[in-house]
Amino acid sequence: MVSSMAEGLIYDVKLSSVGPGNAIEPDMVHEPSDMDLAMKLHYLKGIYYFGKQAFEGLTTINIKEPLFILLNDFPVICGRFRRAESGRPYIKCNDCGVRFLEAKCEKTMDEWLEMIKENASLEKYLTPNQIIGPEIAFSPTVLLQYTKFKCGGMSVGLSWAHVLGDAFSAAEFLNLLGKVVAGEKPNRPIKTKSTNSESLLKDMEDPLSVKRAGPVGDNWITVNNSKMEAFSFSVNAAQLSHLQSKISSNATDFSPFEAISAVIWQCVAKIRESEPKVVTICKMMEQNKADGNNQLMSVVKAAYPIVEANPSELAELMKNSAFDQREKIENAIKKDNGVSDLIVYGANLTFVNLEEAKFYEFDYRGEKPVYVSYRVDGVGDEGAVFVLPGPPKNGGMTVMAILPENEVTELKLELKTEWFMD
Amino acid sequence: MLPKYVKLGYRYLVDHILTFLFIPIMAAVSIQILRLGPEEILTIWNSLQFYFFQILCSSFLVTLIATVYFMSKPRSIYLVDYACYKPPITSRVPFSTFMEHSRLILKDNPKSVEFQMRILERSGLGEETSLPPAIHYIPPNPTMEAARGEAEAVIFSAIDSLMQKTRIKPKDIDILIVNCSLFSPTPSLSAMVVNKYRLRSNIKSFNLSGMGCSAGLISIDLARDLLQVHPNSNALVVSTEIITPNYYQGSERAMLLPNCLFRVGSAAILLSNKRGDRNRAKYKLVHVVRTHKGADDKAYKCVYEQEDPQGKVGINLSKDLMIIAGEALKSNITTIGPLVLPASEQLLFLFTLIGRKIFNSKWKPYIPDFKQAFEHFCIHAGGRAVIDELQKNLQLSAEHVEASRMTLHRFGNTSSSSLWYELSYIEAKGRMKKGDRIWQIAFGSGFKCNSAVWKCNRRIKTPTDGPWQDCINRYPVHIPEIVKL
C-alpha cells in the first residue's frame with residue numbers, strides 16, 4: 001500500500017485519514033456515469049511544489065483542518081465503491097474520507113527538481129500509490145501526500161482515481177482547498193446523479209479509442225505487457241513559438257498542443273516498428289464543468305505513412321479530422337452494464353490536452369506552486385503524452401510522456417536531434 | 001382506572017401526613033380559644049407571671065438552641081455552573097473510517113475486525129464521536145507528548161469555558177480536584193492546571209486516578225467534604241478521561257470493546273459554599289451516595305486492566321458485567337431510597353418487604369417508583385446495555401433516559417464526564433425548571449456505583465453555548481437496534 005521508498009530518500013511516512021467535518025445524511029449514493037466507469041483503471045497523479053512560505057509554521061492539524069471543511073462539499077470523494085447486484089460499481093457516500101500521508105524528503109526542493117529532470121519516475125515517491133482494490137469497499141479513491149523537503153518547501157501529492165473525474169476536476173478540488181485555506185466558504189452544489197447518454201445503440205462494435213482489458217475483477221489497475229516509464233521535459237516560450245512557426249502552414253495556426261503532439265507523433269512513429277496510424281486525442285470540452293469525466297475523446301486516423309509526412313499535415317489531422325468517440329465509449333460500457341474493464345489512455349498512442357487546466361491557480365496562503373507535474377498511472381501499452389501548462393513565469397509548456405521503458409531513451413534522443421527540445 | 005386513583009389518593013395522604021394531622025389539631029385549638037372569649041384569654045395571660053429573669057433565661061435558651069442548630073447544620077453546597085468540552089471537527093471519527101482503519105491495523109485478525117464491526121453496529125454511538133489526533137494514525141501513535149497534548153486541549157478548553165461563564169478569576173479558586181482514571185503523569189494533571197492558570201500557592205489540589213468512570217461523583221463527594229471544612233470557599237472539579245495512551249493495540253476481543261466505545265470528552269464544574277453564590281448557582285447538591293462492591297471478588301475483577309498474551313495492555317471486561325452492575329445498583333438504591341423517596345413509596349416498600357419475609361416470599365419485590373422522587377435522570381452513558389438495564393430496573397420511560405441515549409450517540413462513552421454532557425442536554429432542551437430534582441448515577445471499575453442528587457436552584461434559560469449548541473435541534477434521533485455499516 002505504501003510504496004517502498006528509495007533508500008531513505010523519502011522517510012518518516014505517517015498514514016491517517018481526513019473526512020468531512022459534518023455527518024452526511026444517511027444512505028446517500030452516487031452512480032458513476034458510463035464515461036466515468038470507462039476511465040476506472042486510470043489514476044491521475046499530480047504534484048504541486050510549494051516554496052517555504054506556503055506551509056511555514058503549520059502543524060499537521062492546521063494542514064488537515066481546511067480539508068475537513070472542504071470535504072463537507074465532496075461526499076462522493078469521501079465514499080467507497082460497492083457493486084450493485086448487476087455488478088455495476090457505485091459509490092456509497094459513507095463519510096470514510098481521503099487517505100492522508102505525511103512524509104519527509106532528505107533533499108532540498110531545488111536538488112529534487114534537478115533530480116527529476118534526469119529521472120521523472122522518482123516522482124512516484126511523492127504521491128501515494130494505492131489503487132482501488134483488492135477490497136474496493138475499503139479503498140480510498142483520493143489520497144494526499146504532503147512531503148516536507150529539507151529546505152522547508154512542501155510538495156502536495158494528489159492521487160485521484162480517474163473514475164471520479166478528469167484532470168480539470170482534480171485541479172478544481174485543490175483550487176477550492178486553497179480557497180478554504182484563505183477563509184472562503186466553498187459553495188458547491190452537491191450532485192449525486194450523473195447524466196448518462198440515451199439508451200443502448202445495438203450492435204455497435206467497440207470504438208477505436210478503447211481496448212478491453214482484464215477482466216481485472218476488483219483490482220482496478222491496467223496490467224501492462226511492458227513496463228511503462230515516465231519522462232517529462234519543458235518547452236519554454238521561445239522554443240514554443242519557434243516550433244509553432246516551423247509547423248504552421250499557409251493560413252492555419254496550430255495551438256501549442258497540436259504542434260507538440262504532431263512532433264511527438266512523428267518521433268514515436270520513427271522509433272516504433274509498426275507506426276501508430278491511429279491516435280486518441282483527449283481535450284477539454286467547451287464548457288468544462290470541472291466535475292466528473294467531461295473530456296472530449298476522439299480518434300485521428302492517418303491514411304499515409306507518418307514518418308514521411310509533414311508534421312503540419314499531422315497537426316492538421318489532429319485539429320480538423322478527429323472523430324468523436326464519446327458515445328461509442330459510453331456504449332461499450334453500457335453493453336454489459338459497467339462490469340467490463342476498459343483502457344482508454346494507452347489503448348492507442350494518446351495525446352491529452354491539459355493546456356487549459358488551472359493547475360497554477362492552487363493558492364496556499366497567498367503562495368502559488370513553483371512547479372506542477374501531472375502524470376497518469378495505469379496507462380496502456382501504446383503510451384500517452386500529456387501537455388500541461390508550464391510554470392507561469394516561463395510561459396511555456398510541460399510535456400509528460402509515459403511510454404514503454406525501452407522507447408524512452410530513443411525518443412529523448414529523437415526529440416533532441418530533430419527538434420532541439422529537452 | 002380505580003387502582004390508579006386509589007394509588008394517587010394513597011400517595012397524597014401519606015406524603016402530606018403531617019399536614020393532614022396538623023390541620024385538625026390547629027382547628028381544634030383555635031375553636032377552643034374562640035370559645036373561651038376575649039376576657040378569659042386576658043385573665044389566663046395575666047396569670048402567667050413574667051419575671052425578668054425567666055424571660056432572659058428563656059430567650060437565652062432559644063438563642064442557644066438556634067445557634068447550635070445553625071452551626072451544626074451542614075453547609076449548603078452549590079454548583080455555580082459547569083462547562084463541557086466540545087471536540088473539534090478534526091477529531092471526528094465516522095463508523096466507516098473506524099472500520100477501515102481497524103481492517104488495516106488488524107489485517108492479520110479478521111475475526112477481531114468482524115467483532116469490532118458487530119459491536120459498533122449495536123453500540124448506540126453515532127457518526128460524530130471523536131478520538132484524539134494520535135489515534136487517527138494507522139497504526140495509532142500514542143506518545144506521552146500526544147497524551148499530554150490531548151489532556152491540555154480537553155482540560156484547558158473546558159476550564160476556559162467555565163471561567164467565562166462564571167466570571168471567576170484563577171486566583172479565587174481555593175480547591176482543585178482533577179479526576180482522570182488512566183493517564184497519570186508526573187507532574188499530575190492537577191499540577192498542570194495549577195501551572196497553566198497560575199493558581200494560588202496555597203491551593204488545595206487533588207488528583208484522583210485509577211478510579212474509573214464513577215470518579216466524577218467521587219470528586220464531587222470529595223469537594224463537598226472539603227467545602228464543609230473550609231468556609232467561604234469554592235472548588236473547581238475537572239472530570240475527564242484521556243484516550244491517547246489507552247487505546248488497545250492488540251487483538252483480544254474482550255479488550256477491543258473499550259476502543260469501540262470510549263471517546264474524547266471532559267467537564268469542568270465549579271462548586272461553592274459562599275453566601276454570595278446562593279442566588280446565581282444553578283444547582284444545589286442534596287445527596288451523594290457511594291457504593292463499593294470491591295469486597296466481592298467477581299465484582300473486583302469485572303473491569304480489569306491487564307496484558308494480553310502478546311504483552312499489549314488493555315482493559316478486560318468480563319461477561320458478568322451487567323449482572324454485577326445490577327447488584328451494585330440495587331445496593332445503591334437501598335441506601336439512597338430512604339433519603340429521597342416520598343413516604344408513600346417507602347411505606348409500600350416496607351410493607352412488601354415485611355410481606356415477603358413473613359407471609360409469602362413469592363411476592364414480587366416492590367421496585368420503588370423513583371419517578372416520584374426525581375424529574376430528571378442522568379445515567380452514565382457507559383454503553384447501550386447499561387442504559388437499557390437501568391431503564392428496565394427503574395421502570396423509566398424513554399424520555400427519562402433520552403439524555404443518556406443521546407449523549408451516547410453524539411459523544412460516545414466519555415467516561416466520568418458523560419453525566420455532565422447529559423445534564424447539558426436536558427438544559428439545552430429547555431426541560432430544566434427551578435425546583436427540579438436530578439439523579440446522576442455512575443458506574444465504574446471496582447466495582448462502584450455512585451449517585452448524586454441535585455436540586456435546580458434557579459430558573460435556567462436555554463443555553464446558547466455548550467456542546468449541544470449546533471446539533472440540539474437534530475435530537476432526539478431514533479437509534480436503530482443495528483446500524484447497517
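Modeller: Let's start with a term we will need: helices are DSSP runs of H or I with at least four residues, and strands are runs of E with at least two, numbered from the N terminus. The model in front of us is predicted.

Biologist: Good. What share of residues 51–71 of chain B is helix, and how far apart are the end C-alpha atoms?

Modeller: That stretch is 95% helix and 0% strand, with its end C-alpha atoms 30 Å apart. UniProt, in an unreviewed entry, gives the feature "transmembrane region" to residues 51–71 of chain B, and also to residues 12–31. Such annotations may be inferred rather than shown by experiment.

Biologist: And what does the chain look like over residues 12–31 of chain B?

Modeller: Here too the chain is 95% helix and 0% strand. Its end C-alpha atoms lie 27 Å apart.

Biologist: Let's turn to strands. How do strands of a sheet pair?

Modeller: They pair through backbone hydrogen bonds, either parallel or antiparallel. In chain A, three strands make an open sheet, ordered β2-β5-β4, with antiparallel pairing. Its edges are β2 (29–30) and β4 (80–83), each of which pairs on one side only.

Biologist: How many bridges join β2(A) to β5 of chain A?

Modeller: Two bridges, in the antiparallel sense, with β5 covering residues 89–92. You can find one contact by eye: A:H30 has A:I91 of β5(A) as its bridge partner.

Biologist: Now the enclosed spaces. How should I read a cavity, and how many of 30 Å³ or more are there?

Modeller: Think of a cavity as a place where a 1.4 Å probe fits but cannot get out. This structure holds four of 30 Å³ or more. The largest has about 260 Å³ of space, and 25 residues line it. Closest to its centre are B:F98, B:H101, B:I105, B:I135 and B:Y247.

Biologist: Which elements supply at least two residues each to that lining?

Modeller: β1 (10–18) of chain A does, together with α5 (95–105) and α10 (253–261) of chain B. The most comes from α5(B), with five residues. By class, the lining has 14 nonpolar, 10 polar and one charged residues.

Biologist: What about the second largest cavity: what is its volume, and which element gives the most to its lining?

Modeller: It has about 150 Å³ of space, and α10(B) gives the most to its lining, with three residues. The lining includes B:Y247, B:M255, B:P258 and B:N259. Nine of the lining residues are nonpolar, two polar and one charged.

Note on methods:
Residues are numbered from 1 along each chain as its sequence is written. Chains are lettered from A and ligands numbered from 1 in the order in which they are written. This is a predicted model: local features need pLDDT of at least 70, side-chain atom pairs count only at pLDDT 80 or more; totals for chains, interfaces and linings use all residues. Side-chain values use heavy atoms; hydrogens and water are left out. Two strands pair if DSSP finds at least two bridges between them. On a 1 Å grid over the protein atoms alone, a cavity is a set of points where a 1.4 Å probe fits but cannot get out, and a pocket is an open set with protein on both sides within 12 Å along at least five of seven lines; lining residues have an atom within 4 Å of a point. Grid points are joined across faces, edges and corners, and a volume is the space filled by probe spheres set on the points. Ala, Val, Leu, Ile, Met, Phe, Trp, Tyr, Cys and Pro count as nonpolar, Asp, Glu, Lys and Arg as charged, and the others, Gly among them, as polar.
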